Amino acid sequence: MAESTPVSPHNSTSASQAAASSTSASGTGLQQGLRVRHLTMMGLGSAIGAGLFLGTGQGIHAAGPAILISYVAAGIIVVLTMQMLGELSAARPASGSFSTYVEMAFGRTGGFVTGWLYWFMLILVLGAEMTGAASIIGQWFHCSPWIPALVCMIFFTIVNLAQVRGFGEFEFWFAAIKVTVIVLFLIIGVLLIFGLLPGTEPVGFTNFLGRGGFMPKGWSGIAAGLLAVAFAFGGIEIVTIAAAECDNPSLSIAKAVRSVIFRISVFYLGSVLVITFLLPWDQLQGAENAAESPFTAVLQQANLPGVVIFMEAIIVLSLLSAFNAQIYASSRMMFSLAKRGHGPQALTKISRTGVPINALLISVFFGFVSVGLNYLELPGLLVFLLNSVGAILLVVWASIAISELKLRPELEKEGSLSVRMWAYPYLTWLALALMAGLTVLMFTDETTRNQLFATIVVVILLTVLGAINHAWRKRHPVEVPSVPSASINKTTS
């Protein structure tokens with residue numbers, strides 16, 4: 001595997017000088033043990049959480065059956081973004097992923113801000129997921145939720161301390177359970193729509209078109225629906241964070257990105273289509289528990305026993321699977337940041353199993369803090385923190401697009417591209433235009449406007465810290481390993 005020439009950590013503005021923004025398995029001690037199926041399930045495991053099972057009704061209520069248009073619009077942004085990220089990751093596999101590429105394109109402060117911004121988001125999200133799972137488990141065993149939260153946190157810490165292939169295998173089967181459930185849900189839904197199950201009749205278009213038509217709330221409803229589902233696909237970028245620990249990064253990333261994009265689209269759009277055919281859209285809302293989930297209501301039409309407890313179990317599995325993948329991603333992002341001089345060098349320590357042990361334990365610790373904030377309910381603080389999460393993905397997606405615009409010509413000149421963004425640069429600019437449109441739309445709604453303002457505050461704070469760190473590293477430089485080029489392992493995308 002070819003390597004680029006190492007450069008000073010203060011000069012990282014081109015793809016050919018990729019050393020300033022790296023963490024590859026070959027140069028950092030991380031093990032290469034993940035395969036395509038592991039990457040695919042990690043992406044699905046992170047992206048398919050409780051939001052699909054509990055939050056789908058809220059979007060449908062906002063737009064009616066036309067929520068499908070909202071999902072397609074959000075999906076287009078994500079598909080274009082993931083293709084760009086896949087292009088960069090296949091050419092320069094690094095556990096810092098987009099943070100590494102922003103640093104390659106625009107310098108150290110950019111890499112600092114995007115990396116720590118994403119880590120911050122993962123910590124808050126995994127805290128919320130563990131809180132939700134622990135609440136349900138606590139009800140099952142009639143105990144305080146902090147007990148299952150503590151047990152689960154310890155268990156998944158042990159899982160993440162294992163060799164990366166063992167972690168990948170665990171996450172594969174863990175995520176496979178909920179993927180199987182979604183597939184079965186789609187099959188049962190289609191059978192119900194056509195009246196092919198005992199005691200059922202074809203539903204026709206009564207719910208889909210018979211309650212005000214396909215767009216009962218017009219374009220304003222679609223816009224409101226888009227705000228509700230805009231970040232439903234968030235999490236699949238974890239696939240590229242694992243790039244540096246793949247057996248064959250270039251080939252693995254190309255296959256995994258395509259597979260995750262296709263399956264996520266089918267699962268979300270298929271589930272929403274089934275729900276809007278079988279249930280009255282105007283009677284759906286965001287669900288607080290499994291009993292209120294539209295998935296539960298659909299399965300009850302099939303007269304299946306124990307549907308509520310079954311869906312509770314699936315929601316818990318979904319939350320814990322996403323939590324597990326995000327512990328992995330947060331530890332690798334923190335390790336990458338430290339390796340590039342954006343954090344304490346103690347965070348670069350690698351265990352005998354090839355795991356960044358200190359980065360993992362610190363991420364788990366802050367995961368505990370995040371869970372604690374959910375239980376303490378400190379006035380205003382948790383609301384502000386969770387609000388800031390809402391628009392962070394938008395910042396990350398935009399940073400990926402502008403980095404791809406900058407780096408593509410240089411990577412192409414090197415012959416490093418095994419995955420290519422379609423119709424470059426036109427679709428890249430289209431993605432940026434769609435993101436700008438989504439940002440404007442978010443300013444029109446009070447809730448999402450608060451999300452934007454909170455994210456702007458966090459970005460400004462991190463920019464100041466990044467500038468301080470940059471000045472510090474000029475006086476106290478660290479050795480930065482080089483990013484491997486995938487140019488000698490080219491495959492057809």
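Here is a short walk through a predicted model, from one long helix to its inner spaces and then to a few unusual spots in the backbone.

Let us begin with helix α11, which covers residues 249-278. Its 30 residues, at 1.5 Å a residue, should span 44 Å, and the C-alpha atoms at its ends are 43 Å apart, so the expected and modelled spans agree. Now look at the surroundings of α11: the helix is mostly covered, with 21 of its 30 residues buried.

Helix α11 also leads us to an enclosed space. The model has 2 cavities of 30 Å³ or more, and the largest cavity holds about 40 Å³ of space. Which residues line the largest cavity? They are G75, V78, V79, F233, I236, I261, I264 and S265. Two elements, α4 (67-91) and α11, give two or more residues each to this lining. By class, the lining has 6 nonpolar and 2 polar residues, and no charged ones.

Next, find the second largest pocket, with a volume of about 270 Å³. Of the 15 residues that line this pocket, W119, F120, I123, F366 and V369 are the closest to its centre. Helices α6 (108-141) and α14 (357-376) each supply at least two residues of the lining. Here the lining divides into 14 nonpolar residues, 1 polar residue and no charged residues.

Stay with helix α6 for a moment, and find R108 there. Is R108 buried or exposed? Its relative accessibility is 5%, so R108 counts as buried, the cut-off being under 20%. The side chain of R108 makes a polar contact with the side chain of H342, at 3.4 Å. R108 also shows how a folded chain brings distant parts together: R108 and H470 are 362 residues apart in sequence, yet their C-alpha atoms are 6.9 Å apart in space.

Finally, let us visit some backbone details. Most residues other than glycine have a negative phi, and most peptide bonds are trans. In the loop between α15 (381-414) and α16 (426-443) we find P425, and a cis peptide bond with omega of about 0 degrees joins Y424 and P425. A423 lies in the loop between α15 and α16 too, and has a positive phi of about 45 degrees although it is not a glycine. With a relative accessible area of 46%, A423 is partly exposed.

Another positive phi, near 60 degrees, belongs to N303. This residue sits in the loop between α12 (294-301) and α13 (307-339). N303 has a relative accessible area of 60%, so it counts as exposed.

How values were computed: Residues are numbered from 1 along each chain as its sequence is written. This is a predicted model: local features need pLDDT of at least 70, side-chain atom pairs count only at pLDDT 80 or more; totals for chains, interfaces and linings use all residues. Side-chain values use heavy atoms; hydrogens and water are left out. On a 1 Å grid over the protein atoms alone, a cavity is a set of points where a 1.4 Å probe fits but cannot get out, and a pocket is an open set with protein on both sides within 12 Å along at least five of seven lines; lining residues have an atom within 4 Å of a point. Grid points are joined across faces, edges and corners, and a volume is the space filled by probe spheres set on the points. Helices (H or I, at least four residues) and strands (E, at least two) are DSSP runs, numbered from the N terminus. Ala, Val, Leu, Ile, Met, Phe, Trp, Tyr, Cys and Pro count as nonpolar, Asp, Glu, Lys and Arg as charged, and the others, Gly among them, as polar. The expected span of a helix is 1.5 Å times one less than its number of residues. Buried means under 20% relative accessible area, exposed over 50%, partly exposed in between (1.4 Å probe, protein chains only). A polar contact is a pair of N or O atoms within 3.5 Å; within protein, one must be able to donate a hydrogen and the other to accept it, and residues adjacent in sequence count only if both atoms are side-chain atoms.
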